[in-house]
Amino acid sequence: MSRIVIVSNRTPGKGPVAGGLAVALRKVLSEREGFWFGWSGKLTEQPAREARFEDIDGLQVGQIDLTRDDHHAYYAGFSNSILWPSFHLRLDLATIESHWYEGYRRVNHQFARALLPLLKPDDVIWVHDYHLIPLASELRALGARNRIGFYLHIPFPTADALYAIPHHEELMRDLSRYDLVGMQARRDVAAFTEFAEHQMPSTFGGHRSETIDFSRTEVDAFPIGSDPDAFARLSVSPAGTKMVHRMKRALGDQRLILGVDRLDYSKGLPQRVEAYEKLLANNARLRRSVHLLQVAPPSRDSIKEYQETSDTLDAMCGRVMGHFAEPDWQPLTYVKRAYGQPSLAGLYRLAKVGLVTPLRDGMNLVAHEYVGSQNPADPGVLVLSRFAGAAEIFPEALLVNPFDTDETAEALRIALDMPIEERQQRWQALMNAAKHHNVDNWAASFLDRLAPGSMPQSGTRDILYLASVA
Ligand code: ADQ
């Protein structure tokens, strides 16, 4: 069996692993030979030409150091100030500094140069996310003939948003150098297909660039998931139960509405707080009987737009407190820190409503984790944005338009009033979907399709795109 090489911006660290993704990919590497490759987290004066290998809890991890300038242009710059906002359709929050592309490209080249000597001819390479779109091109330019797959964890943009990205044609040409491109949702495959079939090559500078040939690249939806059975166990584990008791003491009879997110403008946090404000304004009977807990640890806080989102959220929470709080009742708690999975599972289990309302999201694993953690006898209700990839596999959630805060407020009311039979029916369907789409199945289905000799599938439930635009 061929070795698997996983490549991502960051490699997993020591100690308990936080995310389901890292756990699943570790499992892949414990069952097959191979290694994980990525940035070490270290910044140096000179770019590293060779990878350093480390055994991290039984996992072989190859790492390279980056220079401070390259890292800034590649990570905070091109990846997170151009690609992230554009792919999330937030061009208003993008900072289009096209020179960052040079650093982005340089880092991808550096990854390829350090990775190439480590490869065997039949290794299968699985590249993760928008930081590394050019990696296959860079590896192929150096002579790699391996099967190379790419998985995009975030949504694929509409054609208009894509055209706003500097060097988007080169990036799309880079995608055509992969054997397999995996997306989160059918929506993303459709957006990609739209671009591929209606390419408008740039005529800038008087010459027309060539249409990109995607005929050798298979593109399909591989919706990622979590490990719902693990969350079910964690939610009743000693640490999960401890969190449940702690919160029950604080809440008394109040019913918990829970949001858990990285603090990111894509997650729709100000709109969420506004919807909660409307719930309290429209339903006086609910005051003193509900409580919103929003857990949102800061992320990427060197980027101005993230600081601004944080400031907006602070102001919104302050406004709701000022409007509704009483000496002996607070309508909400806002916690800016991360918790371990057992504590999160306990919080999910206690929450009567899981409020997951991103403005746009690749998948959203919090929705999966919430479903996994419910008590089957008395499950809570998932209120979910229709713009999360998760909406495609969780139609039994209460699906809302997160921009319409009246609608979200009404969904919250319906969730809080929902009879137990309906809650059980909806939850059972959600749990079946979460199990079907669990993270192990996700990794296996992607790698099966990427395996040498695997035939392109057709007629599968997910849209398959085999473009033949010459
Ligand atoms: P993220 O944007 O980070 O991921 P999400 O899918 O919700 O979004 O994953 C968040 C993960 O972080 C979850 O496992 C959650 O438990 C954890 N987390 C969030 N807040 C936490 C807290 N306060 N404490 C501890 N853990 C916390 C990107 C894409 C998503 C896509 C994933 C996976 O943006 O759309 O679903 O990758 O592909």
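**Local environments and overall packing in a predicted model**

Ala367 lies in helix 13, which spans residues 365–372. The model is predicted. Ala367 counts as buried, at 0% relative accessibility. Its contacts, leaving out residues up to four places away in sequence, are Val356, Leu382, Leu384, Ala390 and Phe394. Gln330 is 37 residues from Ala367 along the chain. The C-alpha atoms of Ala367 and Gln330 are separated by 26 Å.

Asn364 occupies the loop between strand 12 (353–356) and helix 13. Its phi is near 95°, a positive value in a residue other than glycine. Most residues other than glycine have a negative phi. Asn364 is buried, with a relative accessible area of 6%. A positive phi also occurs at Arg288, which is not a glycine; the value there is about 75°. Arg288 sits in the loop between helix 10 (269–282) and strand 10 (290–295). The relative accessible area of Arg288 is 37%, so Arg288 is classed as partly exposed. Both positive-phi residues are thus placed in loops. Asn364 is buried, whereas Arg288 is partly exposed.

Helix 13 also takes part in the packing of helix 12. Helix 12 covers residues 341–350. Seven of its ten residues are buried, so helix 12 is largely enclosed by the rest of the structure. The buried residues are Ser343, Leu344, Ala345, Gly346, Leu347, Tyr348 and Leu350. These residues pack against helix 8 (228–235), helix 9 (238–251) and strand 9 (255–260), as well as strand 10 and helix 13. Strand 10 is also the element that ends the loop holding Arg288.

Helix 2 runs over residues 68–87 and contains Ser79. Phe78 is found in helix 2 as well. Ser79 is buried, with a relative accessible area of 0%. Phe78 is likewise buried, at 0%. The side chain of Ser79 reaches the backbone oxygen of Tyr74 at 2.6 Å. Beyond four places in sequence, Ser79 touches Tyr74, Trp84, Tyr104, Tyr130 and His131. With the same exclusion, Phe78 touches Ala73, Leu83, Trp100, Tyr101, Tyr104, Ile165, Pro166 and Leu171. Tyr104 appears in the contacts of Ser79 and in those of Phe78. Phe78 and Arg360 are 282 residues apart along the chain. Their C-alpha atoms are separated by 20 Å.

Two further helical positions were examined. Thr405 belongs to helix 14, residues 405–417. It is buried, with a relative accessible area of 5%. Outside the four-place window, Thr405 touches Gln271, Glu274, Ala275 and Lys278. Asn441 is in helix 16, residues 439–450. At 38% relative accessibility, Asn441 counts as partly exposed. Asn441 is in contact with Lys435 and His436, its neighbours within four places in sequence being left aside. Asn441 and Pro238 are 203 residues apart in sequence. In space they are 28 Å apart, C-alpha to C-alpha.

At the level of the whole chain, 16 helices and 15 strands are present. The radius of gyration is 23 Å, close to the 23 Å that the globule rule gives for 470 residues, so the chain is as compact as a globular protein of that length. Its C-alpha atoms fill a box of roughly 65 × 50 × 50 Å along the principal axes. Of the 470 residues, 57% count as buried. Among contacts with a separation of 6 or more, 78% come from residues 24 or more positions apart. The accessible surface comes to about 19600 Å². Carbon and sulfur atoms account for 52% of this surface. The chain carries 52 positive and 58 negative charges. The mean positions of the two sets are 4 Å apart.

Definitions and conventions
Residues are numbered from 1 along each chain as its sequence is written. This is a predicted model: local features need pLDDT of at least 70, side-chain atom pairs count only at pLDDT 80 or more; totals for chains, interfaces and linings use all residues. Side-chain values use heavy atoms; hydrogens and water are left out. Helices (H or I, at least four residues) and strands (E, at least two) are DSSP runs, numbered from the N terminus. The radius of gyration is taken over C-alpha atoms; the globule rule is 2.2 Å times the number of residues to the power 0.38. Buried means under 20% relative accessible area, exposed over 50%, partly exposed in between (1.4 Å probe, protein chains only). Contact means heavy atoms within 4.5 Å. Accessible areas come from the Shrake-Rupley method with a 1.4 Å probe; for residues, only the protein chains shown count as cover. Lys and Arg count as positive and Asp and Glu as negative; His and the chain ends are not counted. The place of a charge is taken as NZ of Lys, CZ of Arg, CG of Asp or CD of Glu. A polar contact is a pair of N or O atoms within 3.5 Å; within protein, one must be able to donate a hydrogen and the other to accept it, and residues adjacent in sequence count only if both atoms are side-chain atoms.
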